[in-house]
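Hi,

Here is the complex I promised to pass on. Have a look at it first, and my notes follow underneath.

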Amino acid sequence: MSVIDQSKIRNFCIIAHIDHGKSTLADRIIEQTGLLTSREMQSQVLDNMELERERGITIKAQTVRTVYKADDGEEYMFNLIDTPGHVDFNYEVSRSLAACDGAILVVDAAQGVEAQTLANVYLALDHDLDVIPVINKIDLPSADPERVKEEIEDVIGIEAEDAPLISAKTGQNIHDVLEQIVKKVPAPQGDPKAPLKALIFDSVYDSYKGVIVFCRIKEGTVKKGTPMLMMATGAQADVVEVGTFGAGRFIPCEELSAGMVGYITASLKNVKETRVGDTVTDASRPCDSPLPGYKKVNPMVYCGLYPADGAKYPDLRDALEKLQLNDAALQFEAETSVALGFGFRCGFLGLLHLEIIQERLEREYNLDLVTTAPSVIYKIHKTNGEVIDLTNPTNMPDPAEIDYMEEPMVKAEIMVTSEYIGAIMDLCQERRGIYQGMEYIEEKRAVLNYHLPLNEIIYDFFDALKSRSRGYASFDYEMMGYQKSELVKLDILINKEEVDALSFIVFAGSAYDRGRKMCAKLKEEIPRQLFEIPIQAAVGSKIIARETVKAMRKDVLAKCYGGDISRKRKLLEKQKEGKKRMRQVGSVEIPQKAFMSVLKLDDE
Amino acid sequence: MKKELELYVHIPFCVKKCAYCDFLSFSAKQEEVSAYVEALAEEIKGKKEQFSDYCVTTIFLGGGTPSILEGVYTASIFRALRESFDIAENAEITMEVNPGTVSEEKINMWKTCGVNRLSIGLQSVDDGELKMLGRIHTYDEFLTTWKMVRKAGFHNVNIDLISAIPGQTKKSWETTLRTVAQLQPEHISAYSLIIEEGTVFGTIYGEDGERICQKELLSRESSMPEVSDKDGNIRKDRQILPLPDEDTERAIYEITEKILREYGYERYEISNYAKPGYECRHNLGYWERREYLGLGLGASSLIAEHRFCNTDKMDVYIRLNKTVDPDGKKEESKKAVWEKAEEVSVLSVQEQMEEFMFLGLRKTDGVSEKSFFETFGVQIDTVYGETIGKLEKERLLIKEKGQIRLTERGVDISNYVMSEFLF
């Protein structure tokens with residue numbers, strides 16, 4: 001298929017609320033278009049990172065090309081662009097959408113429309129995509145497709161009368177979806193002879209090929225030898241190879257022309273040079289203007305990552321460097337902590353991104369990590385007029401030098417069933433949320449709008465939300481800039497020594513409460529030692545809370561009966577094992593768990 | 001010269017299981033007892049060839065309640081032992097005894113069998129505390145037993161006591177200590193109650209012996225099983241009391257050594273006190289890592305740096321020790337003794353060193369630097385110098401005259417100290 005008829009190409013993505021079956025539908029489409037046999041199918045071929053499969057979420061956008069022989073007898077080329085499903089990766093989602101001409105909206109036949117369903121549909125409509133609703137999981141006993149159809153029409157305002165009713169799990173009615181893709185997704189536009197203009201919607205690093213750029217060709221043609229130029233980063237390189245996406249592998253081809261989706265390799269060594277959203281053009285014949293919408297994604301959340309075993313510091317650095325090759329949004333720089341030794345201050349798009357990186361480091365690189373409390377970026381306006389971005393509480397200047405501080409705010413949308421509205425409003429209130437309004441999207445469900453400080457949601461907001469709504473609330477947010485706020489640095493002293501890794505910035509009005517909870521939590525986590533240990537919370541030189549870990553109690557294994565020594569050994573080994581997971585801070589041993597436990601302080 | 005060997009013989013039967021007990025024991029049915037004793041005798045006889053070059057220095061019949069056995073059973077066990085092992089003339093032969101299971105006839109049989117040391121489980125002189133523990137006897141019933149064994153001429157007797165019983169006070173513990181010390185047994189074991197998983201107390205107080213408040217305890221009262229005495233009368237007068245608080249427990253612990261010293265007892269091990277010369281040789285053997293062979297259900301052994309133990313399932317044990325054709329037995333006797341065991345661990349030199357330390361430190365004398373060197377051919381400081389130095393600094397260990405031993409504080413938190421010696 002070297003010459004491809006634009007009218008036979010369909011570029012589309014699948015959008016859905018998390019867990020509504022997006023990846024399963026993708027699997028079915030790939031399977032039923034015959035590119036893969038059932039035997040080759042691994043469940044959810046698109047989510048190829050181990051972690052993604054385990055959590056059932058898509059982190060990096062993936063793309064696959066398949067060929068479909070439609071009922072009209074023609075063969076169509078489908079480019080299915082998978083989109084990440086979480087708010088942290090919103091920007092990646094928006095770039096993936098920009099590469100498509102249509103979107104399949106998957107809605108769970110039992111759950112109906114959810115917060116991310118809405119958010120994703122709005123994003124798709126923003127990109128002028130035609131949205132095709134599909135109602136999934138009709139095999140569930142609780143499925144109510146008719147109600148969900150109405151909901152889609154009422155809440156989203158798109159036609160859903162002939163939405164295919166499918167079960168991606170069983171494969172039921174997938175054919176309807178394929179036919180609608182042919183009929184309803186418009187064929188791409190663009191002139192293959194115009195100057196090259198291609199949108200980067202993802203890039204990965206491969207140790208053999210270097211950076212592999214995933215792109216949608218909007219105008220023109222690219223082939224081996226084309227001198228390409230990234231218009232935003234300015235990086236230049238000659239194209240080594242172009243091709244399309246098989247499932248899980250790359251298929252080289254002659255050229256990519258307007259309307260096509262594919263990959264380009266050039267000997268680029270760093271994904272940082274190929275930013276998602278950037279425009280690729282031909283350096284020898286550049287297009288007049290880049291595609292709109294490029295922005296550099298910046299980390300929103302920072303935390304310290306330390307190897308549990310100090311000797312593993314170089315390993316952690318290597319691992320971070322490798323992950324960064326594939327994840328331009330990950331940032332890190334070396335830092336030292338008195339309590340934790342050498343480590344890195346890392347920047348993430350959000351909490352999920354943080355958790356994913358942390359888990360990948362632990363799993364794929366076999367590292368044991370200690371994570372410090374996540375922090376957002378505070379803007380500190382000093383009395384001398386200087387403004388600094390504070391990402392590490394330890395670097396907070398002396399309060400006397402501070403004129404005022406600002407913290408980032410988010411616009412939050414929480415969708416919840418009516419019986420939990422009260423509980424969720426309480427929660428938002430506790431987290432300094434400012435109520436903006438509420439809309440009932442149907443009789444029993446409402447969307448709550450709040451403005452919330454980002455630092456109130458990066459700890460345990462999501463957990464608290466789920467536990468207080470028995471899992472029924474869903475949540476989405478977007479950044480809305482900075483706001484002046486009364487903030488203080490809360491320090492924790494263990495045995496009178498400040499533990500830098502436990503310091504954090506907190507709203508002045510919550511300092512007392514937070515300090516008290518932290519001390520109580522630490523008291524639970526720090527095992528008794530040879531002497532009594534005071535745990536104190538302090539703001540500046542003022543102690544605002546205190547707990548005491550009593551000295552070790554009597555700890556004797558009285559009887560070794562009938563010479564059963566192995567039992568005693570097991571007990572001693574358990575004790576010893578516990579000690580290994582400790583961090584020596586001054587004369588006190590603090591379990592690694594304690595550093596993490598203070599992140600979860602919600603008491604309901 | 002023959003190698004020395006200690007024997008442990010397990011009798012897993014009791015009239016009734018106590019509330020704190022997590023040893024391998026259960027109430028006995030007559031037919032089961034007889035089948036067990038038969039199997040035990042077979043097991044003993046099967047060891048004859050393998051241990052022909054050993055001389056037995058101590059025997060310990062533990063349980064359970066060995067005194068529950070009728071005299072004929074005890075006799076057949078000892079017959080098997082004497083047929084199969086070379087037992088030293090001065091061997092220490094101990095039998096555990098619980099009040100309420102003793103008769104003059106049995107005592108005389110023990111004498112005949114050569115038992116020369118008795119260990120009586122009393123636990124407390126307070127009848128309320130005894131009930132709390134789920135014991136089947138009163139203090140008076142113990143006294144009857146005590147008088148009987150003294151009259152029969154047992155001059156080496158231990159009395160077992162338990163401290164930190166729910167509801168116990170410093171005063172009631174002191175009463176127990178003084179009352180017992182006045183009887184002048186040769187040996188007193190004073191254990192501190194440990195709440196074990198899978199026991200009645202474990203259910204009530206939580207597995208780790210967490211201290212819970214009175215109110216919560218009351219709510220758990222319903223889970224307390226009914227208690228019946230040895231005549232089968234159900235006692236409903238037991239109530240759940242809280243465990244002594246930390247300070248009481250510490251006080252209880254501290255007065256024990258002081259009071260017993262007044263009566264002429266020396267502490268020679270974390271929980272054991274004796275008149276000079278009456279230390280339990282068998283138990284010291286465990287701390288000094290002498291070789292011992294465990295016989296009976298679930299019994300553990302240490303032979304040639306192999307630790308292993310018998311099955312703890314009664315049906316399996318009986319099946320394995322059925323009388324079989326003599327040829328089969330002979331065949332088997334050529335194999336290493338641990339080959340039949342379910343779980344065997346061969347101790348590395350490192351593990352031997354660890355054990356040397358954590359077992360040896362239980363003794364009041366501690367471990368000797370010289371004997372460490374003689375055993376392992378390397379100086380103790382080369383291996384453990386740093387650990388010992390650190391623990392000395394923390395005032396948990398003392399190094400004196402070639403001995404390393406726990407300080408008082410070290411005894412208090414001996415698990416912590418001992419765990420430091422693991423690699």
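I started with the packing. The largest nonpolar core has 167 residues, and the members that touch the most others in it are A:A103, A:L105, A:C215 and A:I264. Strand β22 of chain A, residues 402-417, supplies the largest share of this core, with seven residues. If you want one residue to click on, try A:I264: leaving out neighbours within four places in sequence, its contacts are A:V213, A:C215, A:V222, A:M228, A:V239, A:V242 and A:V280. There is also another core apart from that one, with 82 residues, including B:L7, B:Y36, B:I107 and B:W146. As a general point, nonpolar side chains in soluble globular proteins tend to be buried together.

Before you read too much into any of this, remember that the model is predicted. The predictor gives the complex an ipTM of 0.80 and a pTM of 0.62. Chain B has a mean pLDDT of 88, and 89% of its residues reach 70 or more. The stretch to be careful with is residues 208-215 of chain B, where the pLDDT is below 50; beyond near neighbours in sequence, that stretch has ten contacts in the model.

One of the contacts of A:I264 is A:M228, which leads to some strand pairing in chain A. A:M228 has A:D282 of β14(A) as its bridge partner. The strands involved are β9(A), residues 227-230, and β14(A), which pair antiparallel over three bridges. β14(A), residues 279-282, is also joined by two bridges to β6(A), residues 197-206, again running antiparallel. There, A:L199 stands opposite A:T279.

Now chain B. Its secondary structure comes to 17 helices and 19 strands, and 45% of its 423 residues count as buried. Taking the contacts in chain B with a separation of 6 or more, 72% are between residues 24 or more positions apart.

One piece of chain B that is easy to follow is an open sheet of three strands, ordered β17-β19-β18, with antiparallel pairing. β17(B), residues 367-368, and β18(B), residues 397-400, are at the edges with a single partner strand each, so one side of each has no neighbour in the sheet. Two bridges join β17(B) to β19(B), residues 403-406, and B:S368 has B:Q403 as its bridge partner. Helix α15 of chain B, residues 380-393, lies across β18(B) and β19(B), at about 110 degrees to β18(B).

Here's one to check by eye: is B:E92 buried or exposed? B:E92 counts as buried, because it has 21 C-beta neighbours inside 10 Å and the cut-off is 20 or more. B:E92 sits in strand β5 of chain B, residues 86-97. Setting aside neighbours within four places in sequence, it is in contact with B:T58, B:N116, B:R117, B:R281 and B:H282. Its C-alpha atom is also 6.3 Å from that of B:I59, although the two are 33 residues apart along the chain.

Last, the interface. On the chain B side 33 residues are in contact with 21 residues of chain A. Elements of chain B giving two or more residues include β1 (3-11), β8 (187-192), α9 (246-262) and α13 (349-360), while α17(B) gives the most, with five. By type, the chain B side divides into 16 nonpolar, ten polar and seven charged residues.

Cheers

Key:
Residues are numbered from 1 along each chain as its sequence is written. Chains are lettered from A and ligands numbered from 1 in the order in which they are written. This is a predicted model: local features need pLDDT of at least 70, side-chain atom pairs count only at pLDDT 80 or more; totals for chains, interfaces and linings use all residues. Two residues are in contact if their C-beta atoms, placed from the backbone, lie within 7 Å. Helices (H or I, at least four residues) and strands (E, at least two) are DSSP runs, numbered from the N terminus. Ala, Val, Leu, Ile, Met, Phe, Trp, Tyr, Cys and Pro count as nonpolar, Asp, Glu, Lys and Arg as charged, and the others, Gly among them, as polar. A nonpolar core is a set of buried Ala, Val, Leu, Ile, Met, Phe, Trp, Tyr and Cys residues joined through C-beta atoms within 7 Å. A residue is buried if 20 or more other C-beta atoms lie within 10 Å of its own, exposed if 12 or fewer, and partly exposed in between; C-beta atoms are placed from the backbone. Two strands pair if DSSP finds at least two bridges between them. Axes are lines fitted to C-alpha atoms, for helices over the stretch in contact, and angles run from 0 to 180 degrees between N-to-C directions. pLDDT is the predictor's confidence in each residue, from 0 to 100.
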